[in-house]
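Colleague: I am new to this structure and would love a guided tour. Could we look at it together and talk through what stands out?

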Amino acid sequence: MALQPALPWVYDVFLSFRGEDVRQNFISHLYDALRKKGINTYIDEHLERGKEISPALLKVIEESRISIIVLSENYASSTWCLEELMKILECREIKQQIVLPVFYKVRPSIVRRQKKNYGEALANYKDKLNDDTKVDSWKAALKEVANLSGFHLKKDGNESEFIHSIIQLVDSKIINQTYFEVANHPIGVVSRVQHVYTLLSIGQNDIVHMVGIFGVGGIGKTTIAKAIYNIISSKFEGSCFLRNIRETSKSEYGLVQLQETLLSDILGASSVCNIGHVDRGINVIKNKLCYKRVLLILDDVDDREQLKALVRNRDWFGSGSRIIITTRDKNILSNYEVDATYEVEELNHSEALELFSLCAFKRKKPLDNYMELTQCIIRYAGGLPLALEVLGLDLHGRSIHEWESALEEYKRIPHKKIQKILRMSYDGLRESERNIFLDIACFFKGENVDYVVKIFDSCGLSPNIGIKKLMDKCLITIDDCNKYEMHDLLQDMGREIVREESPKEPGGRSRLWYHEDIRHVLEENTGTNQIEGILIDLPKKDMICLSSEAFIKMKNLRYFINRNARFSGSPNYLSNELRVLHWVEYPSQSLPYNFHGRKLVDLRISDSLLKELGVGFQNFQNLARMDFSRCEFLAKIPDLSQIPNLEWLDVADCTKLTSLPTKLKFRYLTCLRVGGCSSLQNFPEIEFERECLRNLRLANTDIKELPLSIGHLSGIEVLNLSGCKNLQHLPTGILRFRRLKGLNLAGCSKVGFISNILKDDSCSIDLPALECLNLANCHLPDPDILMRFNRYFTLHHLILSGSDIIRLPESIIMFFELTYLELIDCKKLQEIPALPPNLQIVDITGCLSLERFPDRLKIPHLFTSQMRDQGWIDSSLCLKIRMNIVGFWVSILLICLFLTRACVSFGLLVVLLKFIDIFLFYRNTSETIQATLYFRGIGFQNGLAIRSKIPKIGFQTDSTILLHVK
């Protein structure tokens with residue numbers, strides 16, 4: 001059994017088409033787009049066409065992963081095309097080839113029923129070929145392909161956007177069919193995969209089957225699961241491999257993130273919105289997947305709550321689905337009543353020898369003079385794949401004497417637990433490398449690499465060379481997000497090393513992370529100078545009874561990180577060796593008077609009673625990050641000139657903060673957050689030696705004027721001034737920030753710069769990177785100002801809610817990148833003359849004066865470029881219209897009939913006339929709009945919901961209208 005099936009895909013895509021219809025236009029553009037995307041596409045221009053399809057072309061079809069069939073007007077007039085179609089459908093049945101029909105300016109019903117040119121061509125074949133069986137098989141093939149999900153380009157459709165949607169789908173399907181890399185050396189994996197494959201009962205499609213894989217860490221559970229996924233994922237309608245569930249679910253919204261990943265992988269990213277809550281996600285999964293045959297692999301489960309959130313019941317999934325769970329805890333599988341379990345076996349001697357040899361010698365067998373030493377190491381590793389790989393790589397390229405020395409070292413440590421085996425690599429490290437490894441294992445796993453390197457540098461640990469050594473020994477890795485990761489087994493090994501420093505008394509250990517140990521040390525005052533780091537992360541927020549003397553003996557404390565504990569008292573001493581001090585809800589108004597903090601790199605004391613920073617604050621010369629957010633008693637920030645390396649300063653929501661230093665002079669500051677400081681009236685001059693500042697947030701402050709120097713901060717990417725109600729002047733220099741991506745001026749009602757810009761044509765706006773603009777509740781006398789903000793057409797989000805804008809400019813149709821437009825409560829807005837082509841969401845709730853939509857709500861034109869996506873318009877004209885664009889048929893007749901009886905006020909009669917007008921416009925269209933209308937009308941006290949089928953009156957099919965009247 002191959003771990004990565006050698007599927008005969010020579011080509012990604014095969015194109016089947018009628019050359020004289022589309023070769024020189026549509027096909028050439030589609031082929032070029034596919035190739036540019038890196039999609040290996042076959043087009044039969046190099047094969048001479050004859051009366052019969054050639055064996056060479058048949059072979060090409062068999063070797064293609066996806067076939068795109070372009071059904072144009074004269075496709076059926078070619079027997080060659082029809083034979084291609086027959087072969088493609090055969091490959092779909094036998095090889096699970098993906099088939100995507102493209103109805104090019106031909107309705108699917110024409111193909112399905114063989115009308116017009118299709119019917120004429122088939123009728124001619126009956127007369128010419130005198131072979132009814134052949135013609136009937138062609139008819140059946142055309143009907144089958146017409147019933148498949150595909151793409152339809154109408155005669156007036158946009159080919160460029162149409163091709164783009166095809167490319168997106170093809171690319172996603174290719175990615176979803178790309179296999180996992182199982183292992184560098186997958187020794188012994190095949191036999192274990194075969195065992196699990198048997199347990200899965202793949203042939204039984206009338207059941208939902210769950211299989212659990214369990215074993216110790218590093219035994220190969222994930223490796224087996226990836227191999228199984230590669231082999232069987234193509235047999236299902238959707239598949240998802242959820243990795244690292246234990247680690248991901250620890251975060252606040254971890255389970256929600258996993259639910260969203262599950263749905264996204266199976267249904268496609270565009271089909272999933274933000275779930276927001278685990279309980280909602282449960283119902284979304286159940287409702288959307290209950291009829292789909294899926295493969296779901298849950299990797300590294302350690303809590304039943306994870307299973308309840310992701311796969312609580314079998315009836316969540318369609319018949320034939322398979323669910324595989326990997327875990328270290330067999331009890332979880334027993335409690336969950338899986339259908340079968342498999343305990344992963346250790347490698348036998350021959351497998352272990354081959355795996356170790358490949359790692360240590362890069363060959364399947366060891367060198368002769370290393371054979372005896374190799375056998376000793378194999379026995380020591382005990383058949384654990386991860387241990388064999390780590391030790392093999394550690395010994396690679398070393399002499400026999402080095403091997404003998406290492407083996408002697410291994411023998412001095414008991415071979416009782418897996419972490420003892422892995423510790424052999426740790427014992428070969430220098431002192432600084434050991435400290436780096438233990439710090440990552442205990443405190444910094446999952447943290448940003450650059451941040452941790454800065455901390456280690458301040459401790460004199462030489463992190464650049466030390467981290468490289470750890471990576472060479474496979475003790476740590478760096479993930480795609482530039483964060484440190486290590487296998488759980490290696491982390492456990494590191495923590496066990498620390499525990500063994502003082503097995504009975506936690507106060508004698510170098511690092512503390514287990515909440516009960518920490519509570520014991522702090523409440524019983526058993527701390528010693530051995531303690532270098534403390535990480536408090538309680539199962540739930542709780543109080544720790546802290547003695548003021550608790551830290552007095554911890555002279556060597558380098559890290560104190562409190563995530564969620566509350567303390568009954570405050571310390572009168574903190575170690576001057578501290579590099580990291582994170583203390584949420586710090587219980588005192590000031591830091592201890594004897595704490596000078598010269599070595600501090602990261603100081604975060606948010607949500608605290610802190611009132612002043614004290615004179616000693618001038619000594620914090622090495623600080624890179626300061627966070628005093630939500631310290632409601634903090635009134636003043638002292639001079640920061642002695643902290644030149646500061647990168648992050650956060651004093652957000654310090655409601656009593658009245659002043660900042662008179663001058664801010666920084667070299668490396670990238671983020672400054674002052675938002676929510678409602679007592680802050682003045683903002684100081686700023687000096688920067690480099691263009692480092694990227695994020696400046698001053699929202700909801702009482703600032704009246706910004707210094708001109710702020711206009712020189714050309715590196716800013718996000719500027720938030722929302723809610724600055726008293727801000728009167730804004731330096732126009734900010735309108736030339738070439739890196740600015742987000743500008744939020746919501747609620748800056750007194751700012752007069754917009755009017756000044758309109759009067760002064762020389763006051764240019766140059767924002768080439770702007771993506772989000774928020775002018776909510778601003779004075780916008782001339783809508784053409786929007787064009788000047790978006791002269792580069794980069795805007796994605798535009799928010800004008802609550803502004804006094806009267807009409808949108810005609811030029812808004814040129815905002816090609818705009819996807820979100822918010823116009824909530826624009827009570828003076830009367831007209832929307834046009835809308836951009838790629839707009840997905842428009843919210844016009846509360847626009848009571850709105851009278852004219854673009855060309856009578858020409859929504860089909862607005863959304864045909866997004867035929868595969870869903871867009872909606874949310875509006876309110878004494879009502880809320882939410883249109884979910886699925887097809888584009890408009891069924892308004894029921895609304896008219898209902899409103900005729902329900903309208904009891906002039907306002908609702910206006911609404912009635914409006915919808916009659918819309919109905920008359922759409923009555924001859926072949927498009928469908930499914931509408932949900934929410935009325936807040938006079939005289940309706942109780943909600944009324946009506947769902948009805950509208951009879952056929954000038955429409956081709958029925959449509960559904962849902963009305964809620966309140």
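Colleague: Among contacts in the protein with a separation of 6 or more, what share comes from residues 24 or more positions apart?

Modeller: Keep in mind that we are looking at a predicted model. Its chain forms 29 helices and 37 strands. Among the contacts with a separation of 6 or more, residues 24 or more positions apart account for 58%.

Colleague: How many of the residues count as buried, as a percentage?

Modeller: Let's begin from the outside: the accessible surface comes to about 44,200 Å². Carbon and sulfur atoms hold 47% of that surface. As for the interior, the share of the 966 residues that count as buried is 51%.

Colleague: Which residues touch the most other members of the largest nonpolar core?

Modeller: That core has 106 residues. Elements that each supply at least two of its residues include the helices α24 (515-524) and α26 (785-789), along with strands such as β14 (533-536) and β31 (841-844). A separate core of 48 residues lies apart from it, with Leu 200 and Ile 297 among its members. In the largest core, the residues touching the most other members are Phe 551 and Phe 628.

Colleague: Which cysteine does Phe 628 contact, leaving aside its neighbours within four places in sequence?

Modeller: The partners of Phe 628 include Leu 603, Ile 605, Leu 610 and Phe 617. Ser 606 and Asp 650 are also among them. The cysteine in this set is Cys 654.

Colleague: How far apart are the end C-alpha atoms of helix α3, and what span should we expect?

Modeller: Helix α3 covers residues 79-95, which makes 17 residues. The expected span is 1.5 Å times one less than the number of residues. For α3 this gives 24 Å, and the distance between its end C-alpha atoms agrees, at 24 Å.

Colleague: Which residue follows α3, and what is its phi?

Modeller: Within α3, the buried residues include Trp 80, Leu 82, Glu 84 and Lys 87. Their cover includes β1 (11-16), α2 (55-62) and α5 (116-129). After the helix comes Gln 96, with a positive phi near 55 degrees.

Colleague: Is Glu 63, the salt-bridge partner of Lys 59, buried or exposed?

Modeller: The closest N and O atoms of Lys 59 and Glu 63 are 2.4 Å apart. Lys 59 is partly exposed, because its relative accessibility is 47%. Buried means under 20%. Glu 63 has 15% relative accessibility, so it counts as buried.

Colleague: How many residues apart in sequence are the parts tied together by Lys 454 and Glu 647?

Modeller: These two form a salt bridge with their closest N and O atoms 3.0 Å apart. Lys 454 sits in helix α21 (residues 449-458), while Glu 647 is in the loop between β20 (625-627) and β21 (648-650), so the parts they tie together are separated in sequence by 193 residues.

Colleague: Which residue forms a salt bridge with Arg 852?

Modeller: A search of the whole structure finds 39 salt bridges. In the one with Arg 852, the closest N and O atoms are 3.6 Å apart. Arg 852 lies in the loop between β31 and α27 (859-863), and its partner, 21 residues away, is in the loop between β30 and β31. That partner is Glu 831.

Colleague: Where is Tyr 792, and which residues does it touch?

Modeller: Tyr 792 is in the loop between α26 and β29. Its relative accessible area is 32%, so Tyr 792 is partly exposed. Its C-alpha atom is 8.0 Å from that of Ala 769, 23 residues apart along the chain. Not counting residues up to four places away in sequence, Tyr 792 touches Arg 738, Asp 766, Leu 767 and Pro 768.

Colleague: Which residues make up the nonpolar patch on the surface with Ile 813?

Modeller: Ile 813 is in the loop between β29 (797-799) and β30 (820-822). With a relative accessible area of 40%, Ile 813 is partly exposed. The patch has about 260 Å² of accessible area together, and Ile 813 shares it with Met 814 and Phe 816.

Technical notes:
Residues are numbered from 1 along each chain as its sequence is written. This is a predicted model: local features need pLDDT of at least 70, side-chain atom pairs count only at pLDDT 80 or more; totals for chains, interfaces and linings use all residues. Side-chain values use heavy atoms; hydrogens and water are left out. Patches are made of residues with over 30% relative accessible area and no salt bridge: like charges are joined within 9 Å, nonpolar side chains (Val, Leu, Ile, Met, Phe, Trp, Tyr) within 5 Å. Accessible areas come from the Shrake-Rupley method with a 1.4 Å probe; for residues, only the protein chains shown count as cover. A salt bridge is a side-chain nitrogen of Lys or Arg within 4 Å of a carboxyl oxygen of Asp or Glu. Helices (H or I, at least four residues) and strands (E, at least two) are DSSP runs, numbered from the N terminus. Buried means under 20% relative accessible area, exposed over 50%, partly exposed in between (1.4 Å probe, protein chains only). A nonpolar core is a set of buried Ala, Val, Leu, Ile, Met, Phe, Trp, Tyr and Cys residues joined through side-chain atoms within 4.5 Å. Contact means heavy atoms within 4.5 Å.
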